[in-house]
Each structure stands twice: as structure tokens, then as C-alpha cells.
Amino acid sequence: MARIAPFTAAPQPRGGVGSRARLALVDALLAEQGSRPCAVLALRWLARHAGVVRGLCAVVESETCRLVGLTGIGLSLAAVDAFVLDLNDRTHPLIVALAGSEPVAFRGQGLRQPLDTPLESEPFHAVPLAGQGENGDAGSGLLLLTGVEPSVEEDIRWAAEILGMRLQSLWFRRSQVDERRYKREQSWLFGVINAVTDPILMTDSEGRILVANASAEMLLTADDQKSEGRRRAVALNNMLFSASTFTTGTAGAPGTAAGGPSRHELLLVDPTEGQDLLFEVMSSPVKIRVGEHGTVSVLRNVTDLSRATVEIEENYRRLRIAEAETRAERDRLDLVLNSALDPILVTDPSGNIVLMNPPAERMFTVEPTAHSDEAERRVRANDAVFTSFVSGLYASQSLRWRGELSLVDPRSGATVPVEAISGKVVSKHGEDTAVVTILHDLTEAVEKQHLYEQVKRHSEELREKVREATAELAEQNELLRRQAFQLEQASAAKSQFLANVSHELRTPLNAIIGYTHLLLEGVSGELNRPQRDKLGRLDSNARHLLSIINDLLDLARIESGKLSVQLEPVDLQELIDEVMTEVEPLIDRTTLAVTRHVPSEVPGLHTDRQKVKQIVLNLLSNALKFTPQGSVAIRLDCEVDTDWISISVTDTGIGISDENQRTIFEAFQQADSSYARRQGGTGLGLTICRRLASILDGQINLVSRLGEGSTFTLVLPRQVRIS
């Protein structure tokens, strides 16, 4: 077990540090103004005079309530930064040593509690800096030192005390400086906002005023010594300001702090004179502190806006007068010409160019940096073309002349089509003094014209294609209409044919079935075994054929819309019993386990009883037919909340593949398997069942997997609504 022993001071031996060395340390600490450099000086002094091998200086952070590494000697920077202890851990040995007034020695390995220091693997001493703080709080920090000898214990204690006092002095001075700076900056801030004539104020999220300058206080604050009228005006202003702030959503709520500034108008009352004042309020959300937001509002008085408008109009009138007086001046003319984007040239009556703006200079002069014979030749060509155009103005004896010119860009040699508009400047005596010409670049207009022609051509082509497509579409629509009419006639003829043929076939079939039944009953005498077997097969096939004819007749009725619906109350338990009774001969010919699950209390059902029975009978017959072995179950479920009833038939038969599930409900479709083909049938049973379910506002759902069985579920509403 490691031992923690007190660091007791021994009498100073003869080899102790002298006063000169201590004085040098004090002078060095006083010369430094930073906490870390002071700690480095103290550790180096202890290494030089007290034999310290490695050391760590840790200080208290009051904001975070932690003991953190400040600097070290013989340690890496990462090891110093990694040293952090929580001051609230009162049981930690180093925190105990920090709260004490005497150094503590830690010797040996295997401490009960890890000290989390980079010196933990070797004996070291923990020396408090400057003892305890006020009210018994922990001191300013600790020195963790290795290689300490008893002969220098007093020097180490002294160095720790001097370093702690110096650190406390630096921190106290810094806090005083920060406080003075805060007060000075606060005074400057209030001086600045009070110097602003516009009311400025900051409100919290509840609309309470936190900061306001003198102008804002005059509008929104009044003490008890003020008059009753002034207090009422201030109260009204506060109510109007709060209402406008919350209406515009800038009251400083957290939801609006992330938004941008807002601007609105606000009508207040002058508390001094009682007049209405119109302000433009500019509000910006600000963050007051963590989790709390506010709003800074600046109120600009715009009451005198009309007076300012009158003054602006008067100034503008004076400006126009001054402009008229100085219009003849050359600098004004140069300013106007230089501000124009189009080339402008002024020529004398002889045709010489006396003035041009920068865009014209690029067309009629050669730049010194790009001077070449080719550029000079292009400029001369432009000048000749322009001179010829201006001479045409004098020849026409008119004041205005318009035409199109083809110039050349001196730099690139590209052709530049321009529109030239020239006008004569006539003196008071009617003499021609100059000609002003404006050249407007037509390059973009020409390109637009070409583009317009292309678009027009493409539009005509598209219109022709649309016309052809429309004619073709009309022809196809007419063809489809005729085909649809023919299909409707064919469908009606098919349905009528099926109905007629079914009726014609059912009469002889019923006679065959009737006579066969009479023969089997022995009306014409006793039958031997072979005769009875043959008549039984005849009866079975006749009934099968009658079933097929009935299916065809039902399908024809459904497709023609002539199938009537007879709504009546239906007892589902009784209906299930009837179905089970009718399929009992089929069940007797199999070895299947047939079960049914019907609740004791079944809500009433108002629907077509015969059609529901036909659907359930078909589903149950198919389950018995396509289940070689296993079981078949019929289940009745009532969904009271949704007002629906479902009847499920589940078997463990051959199942239906995913591909066949998509087509099994179509007419004349059967599952493509050898077993299904051996069972025979027309493939109309499920088609009729689904259409009957649709007529009864219900549906049939299928869940099946090949080789594992199938579940057909008939879902019906408790109350059928037939339109």
C-alpha cells in the first residue's frame, strides 16, 4: 500500500538558497505580466536551485470550477494540457492538498485512487500556491514536483508562496482592468446612443425596455413627478410600441431572432406638445445571452417628410435653373457626352470632327497601345463613311438625317452595323454651327432579327407539323370511335348469344338430369350395378355442364348490366351452415380436415344473400378441389370499428404462383398446372366471384404461395349501398 505523508519542513541546512537568488526570482516575476511565463520562471528557478527534476504547475479556473495544467518542466505540452481535475471532487488527494496549507508528499506505487497526473509513476510533492483563498476556499493552484530533497523544502515552500501571490496579483489586476474597460466602454456606448437624435432602445423577449437613449426615454418613460397628461401620453406610446412590436413579430422571441431586420411605421404622441408623430421603426433581432433574444429598434421621425419634400422640390427647381444657365458650358457638354453609351460625334460645317465621347473614340481613333497600319486603315475607312453620311445632311437641307452605316471595329476588324442620327445645331441667326451625330449599334438588333426569322421559320414548321398531327389524330380518333362502336355491338351480340344459347341448352339439360334422376330412383324398375354407374356418370356430367352454362349466363348478365340485386338481412351463421351442407358430398370424397371458425355473436349483414352464398360456395369448392391433402378452413371475422365483415377460406393445397395470381381473376383463366387442368372447369368461377363482390361494394383478396396453399378473403360492408 502506498503511503501519503505530510511534507514537513526541516531546518534549512547550510546549502540553502541565498537571498540574492531569491531576490532575482522576485525581480523576474515582477517583470513578467503573464501567468504562464511566471510559472515557467518559478519552475526553472526550482530546477536550478532546489534540484527539481520534473514539475507541473496547475491553477484553479473559477469559471469552470476545475484545476487545470498551466505549464511544466520535463513534461510534454500534451501531458500538461491533459491534466484536469474537478474541484467538486472533495475526496481526491490532490484536491485535499490544494485545500490545505502545507505541502504533501506522495510516495510509492499502488494508490487506492489514481491521481491522474503525469508524475504518478514516481514520488512527487504537491505544494499549494499562496495557501488557501478567502472563506476557506481552495488556493490559486498546486506545484507538483519530483526530485525534492529535505534540504530545500523551505526554498520550495517559499517559491510556491511567491508564485501564488504573483499569480493572484496578476489575476486581480486583470479583473480590475477588465472592469474599468467595461465601465469605460459602457459610458462610451451610452454617450454614442444619447448623442443620436433618433430614439434607440433594446427590448427583451417580453417587450420590456432594457436600454434606451434620451430620445427614447422622452417618448416612453415618465416618473410620478411629471404631469398627468405626459404620463398618459407615455403610457399610450408604450402600448402602441408594444402592439406594433408583437404584430410585426420582432419582440425578440427565439423564433424571430434568427430572422432579418424589419421595417414598419408607427404613430406615437409627443408627450411634451401632444402632437402626433410618425416614426419609421427599424427593428433588428439580437442575442442578449445564451437562450435569450431581444430586439434593437431605431425610430426615425418622418413627420416632417412633407416639409422635406417641398425643400427637395425647391432645390430641384434651382438645380434645373442652374443647369439651364450652364448648359452651354463645355465641361457640362463633355459630362453628358461621356455618360452616353452610344458613340456621339460633333462636327463643324466643314465635316471635321471637333468633339467625340469615348465610345466614338474607339471607332474613329487608333489607340497608342494598339497602333498598327491595319488599325489606322480601318479608322480612315470609318472616317470616310461617316463624312459621306454627314455631307448628305447638308445636301438635304433638313435639320435631321437618319441612315444606316457599316463601320469596322479597328481592334478586331469585325463589321459593326450602326444607325446614325444626325441633327444640325443652328445659331440665333439661322447659321449652321455644328452637326451632332449619334451612332446606335445595331449588332444586337440584327442578331435578334435573324433569331426572330429562325424562330418564325421553326414556328411555321412546327405549326405545319401540329396541323398534320392533328389531322392524323382526328383520323385515328374517328377510327377508334368506329372500332369502339363495333366492339360494343360485338359485346352486346356476344352477351345476347350467350344468354340465348344458355337458355336453349338448359332446357334439354334439365330434361336429361330429370330423367336420369327418375331412372336412378327406380321409376322404370330396378337397375343393376353397371347401369347405375353409367347413369350416375351421366347425371354428374350433365350437372357439370349445367354449372358451366349457369356460369356463362351469369357472366353475360353481369357484362350486360342486367344482374339484379336483392337486398335483405342475412344471417351469416345460417349461410355458412348451408354452404357446409352443400359441399358435404365433396368433403366425404376427400380425406381433408375441414374446419370453420364463426364467432358466437355476428352482427347483422344487409346484402344479397344468394350472391354472397354463391361466392363463398365457389371459394370453398375450389379449396376442396385444389387441396390433395391437408386441411381447409373457413373463417368469419367482424371488424366492428370499420363496419366491415370478412369471410376467409384457407387451404393447404397446391397454391398459386405470383405470375398466375395476376391473371387468375380474369375470364377463362386458370392456374397453369397439371393438377389444375385435371380438375377441369372454364375458369369463370373466380371472375364471377370478383364481379359479384364488386357489385356488393366488396372485394376479394388473395394471399398464396406455390406449394403452400392459398387464402381467399371476401370483404363486404355490413350495409350495401346500391345506386
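# Exercises on Helix Packing and Local Environments

Leaving aside neighbours within four places in sequence, I156 is in contact with L46, A50, V127, L145 and V148. The exercises below concern this residue and several others in a predicted model.

## Exercise 1. The surroundings of I156

Determine in which helix I156 lies, and decide whether I156 is buried or exposed.

Solution.
Step 1. The residue belongs to helix α5.
Step 2. The relative accessibility of I156 is 0%. Buried means under 20%, so I156 counts as buried.
Step 3. The C-alpha atoms of I156 and W45 are 9.7 Å apart, although 111 residues separate the two in sequence.

## Exercise 2. An aromatic pair

State how many aromatic pairs the structure holds, and classify the pair formed by W45 and W158 from its ring geometry.

Solution.
Step 1. There are 3 aromatic pairs in the structure.
Step 2. For W45 and W158, the ring centres are 5.6 Å apart and the planes stand at 55 degrees. Planes under 30 degrees apart count as stacked and those over 60 as edge-to-face; the pair is therefore tilted.
Step 3. W45 is part of helix α2 (residues 35-49), whereas W158 is part of helix α5 (residues 153-195), so the pair ties together parts that are 113 residues apart in sequence.
Step 4. W45 and W158 are both buried.
Step 5. The face of W158 also has a charged residue over it: R22 lies at 4.8 Å from the ring centre.

## Exercise 3. Two crossing helices

Describe the packing of α17 against α20 by axis geometry, handedness and residue composition.

Solution.
Step 1. Two packed helices are described by the angle between their axes and by the distance between those axes.
Step 2. The axes of helix α17 (residues 609-625) and helix α20 (residues 685-695) come within 10 Å, crossing at roughly 145 degrees.
Step 3. The crossing of α17 and α20 is left-handed.
Step 4. On the α17 side, the contact involves K611, Q614, I615, N618, L619 and N622; on the α20 side, it involves G685, L686, I688, C689, L692 and A693.
Step 5. The residues of this contact comprise 7 nonpolar, 4 polar and 1 charged.

## Exercise 4. R609 and D697

Establish the location and the degree of burial of R609 and of D697, and identify what is notable in the backbone of D697.

Solution.
Step 1. R609 lies in helix α17. Its relative accessibility is 17%, so R609 counts as buried.
Step 2. Not counting residues up to four places away in sequence, R609 touches Q566, E568, V570, E574, L575 and E578.
Step 3. D697 is located in the loop between α20 and β23 (699-705). With a relative accessible area of 32%, D697 is partly exposed.
Step 4. The phi angle of D697 is near 65 degrees, which is a positive value in a residue other than glycine.

## Exercise 5. D383 and L399

Locate D383 and L399 relative to α12, and list their contacts beyond four places in sequence.

Solution.
Step 1. D383 is found within helix α12, and L399 is found in the loop between α12 (373-396) and β15 (400-408).
Step 2. At 34% relative accessibility, D383 counts as partly exposed.
Step 3. With residues up to four places away left out, D383 touches I353 and F364. The C-alpha atoms of D383 and F364 are 6.4 Å apart, with the two positions 19 residues apart in sequence numbering.
Step 4. With neighbours within four places set aside, L399 is in contact with L393, S422, G423, K424 and V426. L399 and V426 are 27 residues apart along the chain, and 8.8 Å separates their C-alpha atoms.

## Exercise 6. The chain as a whole

Summarise the secondary structure, the burial and the sequence range of contacts in the protein chain.

Solution.
Step 1. The protein chain has 20 helices and 24 strands.
Step 2. Of its 723 residues, 35% are buried.
Step 3. Among contacts between residues at least 6 apart in sequence, 57% join residues at least 24 apart.

Definitions and conventions: Residues are numbered from 1 along each chain as its sequence is written. This is a predicted model: local features need pLDDT of at least 70, side-chain atom pairs count only at pLDDT 80 or more; totals for chains, interfaces and linings use all residues. Side-chain values use heavy atoms; hydrogens and water are left out. Rings of Phe, Tyr and Trp (its six-membered ring) pair if their centres lie within 6.5 Å; planes under 30 degrees apart count as stacked, over 60 as edge-to-face and the rest as tilted. Buried means under 20% relative accessible area, exposed over 50%, partly exposed in between (1.4 Å probe, protein chains only). A charge sits over a ring if NZ of Lys or CZ of Arg is within 6 Å of the ring centre and within 35 degrees of the ring normal. Axes are lines fitted to C-alpha atoms, for helices over the stretch in contact, and angles run from 0 to 180 degrees between N-to-C directions. A crossing is left-handed if the near helix is turned anticlockwise from the far one by less than a right angle, and right-handed if clockwise. Contact means heavy atoms within 4.5 Å. Ala, Val, Leu, Ile, Met, Phe, Trp, Tyr, Cys and Pro count as nonpolar, Asp, Glu, Lys and Arg as charged, and the others, Gly among them, as polar.
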